[in-house]
Amino acid sequence: MTLLFSDARTLVNDARERALELGKALSIAVVDYGGFTVLVERMDGARPMTPAIALSKAYSAAVMQRPTEMLENWRQSDPVFFTQVGRMGQHPIVATKGGYTLKRDGAILGGIGISGGSPDEDQQICEAVVAAAGFAVDFPAWAGARREANGHG
């Protein structure tokens with residue numbers, strides 16, 4: 001399965017409409033399963049750095065095959081390795097809210113990233129547009145190493 005440009009356009013249009021309802025100027029990026037750019041849009045008034053951040057979020061969600069928020073446990077449990085891996089690809093891997101994997105019928109098709117609102121606003125819009133476009137919103141927990149609060153795993 002491939003991510004169609006029409007799907008990317010639908011996601012971006014929906015995200016833009018939701019951003020306007022919140023009074024936010026955002027950047028929205030959509031990539032395919034390999035992390036290659038399909039579409040990036042910077043709304044009027046969005047800060048200059050937001051397209052690059054949105055693209056990193058979309059890339060991370062696609063190639064790591066999990067929403068970016070789910071990568072936080074990995075980043076915390078093995079920060080040195082996370083930092084090294086995070087520099088290897090076309091874009092930095094980020095563990096933050098606002099990046100969502102695009103999965104349909106069990107196949108990873110790509111990722112969407114949103115930047116310019118608060119982390120919660122970026123995440124809320126991501127989840128809403130992904131669900132509205134018929135992509136999966138449930139992902140199994142990240143299987144990375146976990147440590148208990150006392151330092152023992």
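This report describes the fold, the nonpolar cores, the aromatic and charged contacts and several individual residues of a predicted model.

## Overall fold

The chain contains five helices and four strands, and, read from the N terminus, these elements follow the order α-β-β-α-α-α-β-β-α. The radius of gyration is 15 Å, close to the 15 Å that the globule rule gives for 153 residues, so the chain is as compact as a globular protein of that length. Along the principal axes, the C-alpha atoms fill a box of roughly 45 × 35 × 25 Å.

Of the 153 residues in the chain, 46% are buried. The accessible surface comes to about 7700 Å², and carbon and sulfur atoms contribute 52% of that surface. Among contacts with a separation of 6 or more, 68% are between residues that stand 24 or more positions apart.

## Nonpolar cores

The largest nonpolar core has 22 residues, and those with the most contacts inside it are Ile-28, Val-30, Leu-102, Ile-112, Ile-114, Ile-125 and Phe-135. Two or more residues of this core come from each of α1 (5-22), β1 (27-32), β3, β4 (107-115) and α5, with α1 giving the most, namely five residues. A second, separate core has eight residues, including Tyr-59, Leu-71, Phe-82 and Val-85.

Leu-102 offers a view of how the largest core is connected, as it is one of the residues with the most contacts inside that core. When neighbours within four places in sequence are left aside, the contacts of Leu-102 include Leu-3, Leu-11, Val-30, Val-130 and Phe-135, together with residues such as Ala-107, Ile-108, Leu-109 and Ile-112.

## Aromatic pair and charges over rings

The model has one aromatic pair. The rings of Tyr-100 and Phe-139 have their centres 5.9 Å apart and their planes at 75°, and because planes over 60 degrees apart count as edge-to-face, the pair falls in that class. Tyr-100 belongs to strand β3 (residues 99-104), while Phe-139 belongs to the segment after α5 (119-132), so the pair ties together parts that are 39 residues apart in sequence. Both Tyr-100 and Phe-139 are buried.

Two charged side chains lie over aromatic rings in this model. Lys-103 lies over the face of Phe-139, at 4.5 Å from the ring centre, which places a charge over one of the two rings of the aromatic pair. The charged end of Arg-104 sits over the ring of Phe-135, 4.0 Å from its centre, and Phe-135 is itself among the residues with the most contacts inside the largest core.

## Buried residues in β3, α1 and α2

Gly-99 lies in strand β3 and is buried, with a relative accessible area of 0%. Its C-alpha atom is separated by 5.6 Å from that of Pro-67, although the two residues are 32 residues apart along the chain. Leaving out residues up to four places away in sequence, Gly-99 touches Lys-57, Ala-61, Pro-67, Thr-68, Ile-112, Gly-113, Gln-123 and Cys-126.

Asp-7 is placed in helix α1 and, at 17% relative accessibility, counts as buried, because the limit for that class is under 20%. Beyond residues up to four places away in sequence, Asp-7 touches Arg-104 and Phe-135, the two residues that form one of the charge-over-ring arrangements described above. The C-alpha atoms of Asp-7 and Val-38, 31 residues apart along the chain, are separated by 9.9 Å. Ser-56, in helix α2 (residues 50-63), is buried at 7% relative accessibility, and outside its neighbours within four places in sequence it is in contact with His-91, Pro-92 and Val-94.

## Loop residues with positive phi

Most residues other than glycine have a negative phi. Gln-65, which is not a glycine, has a positive phi of about 60°; Gln-65 lies in the loop between α2 and α3 (72-77) and counts as partly exposed, at 40% relative accessibility.

Asp-105, likewise not a glycine, has a positive phi of about 50°. Asp-105 is found in the loop between β3 and β4, and with a relative accessible area of 71% this residue is exposed.

Methods: Residues are numbered from 1 along each chain as its sequence is written. This is a predicted model: local features need pLDDT of at least 70, side-chain atom pairs count only at pLDDT 80 or more; totals for chains, interfaces and linings use all residues. Side-chain values use heavy atoms; hydrogens and water are left out. Rings of Phe, Tyr and Trp (its six-membered ring) pair if their centres lie within 6.5 Å; planes under 30 degrees apart count as stacked, over 60 as edge-to-face and the rest as tilted. Buried means under 20% relative accessible area, exposed over 50%, partly exposed in between (1.4 Å probe, protein chains only). A charge sits over a ring if NZ of Lys or CZ of Arg is within 6 Å of the ring centre and within 35 degrees of the ring normal. A nonpolar core is a set of buried Ala, Val, Leu, Ile, Met, Phe, Trp, Tyr and Cys residues joined through side-chain atoms within 4.5 Å. Contact means heavy atoms within 4.5 Å. The radius of gyration is taken over C-alpha atoms; the globule rule is 2.2 Å times the number of residues to the power 0.38. Accessible areas come from the Shrake-Rupley method with a 1.4 Å probe; for residues, only the protein chains shown count as cover.
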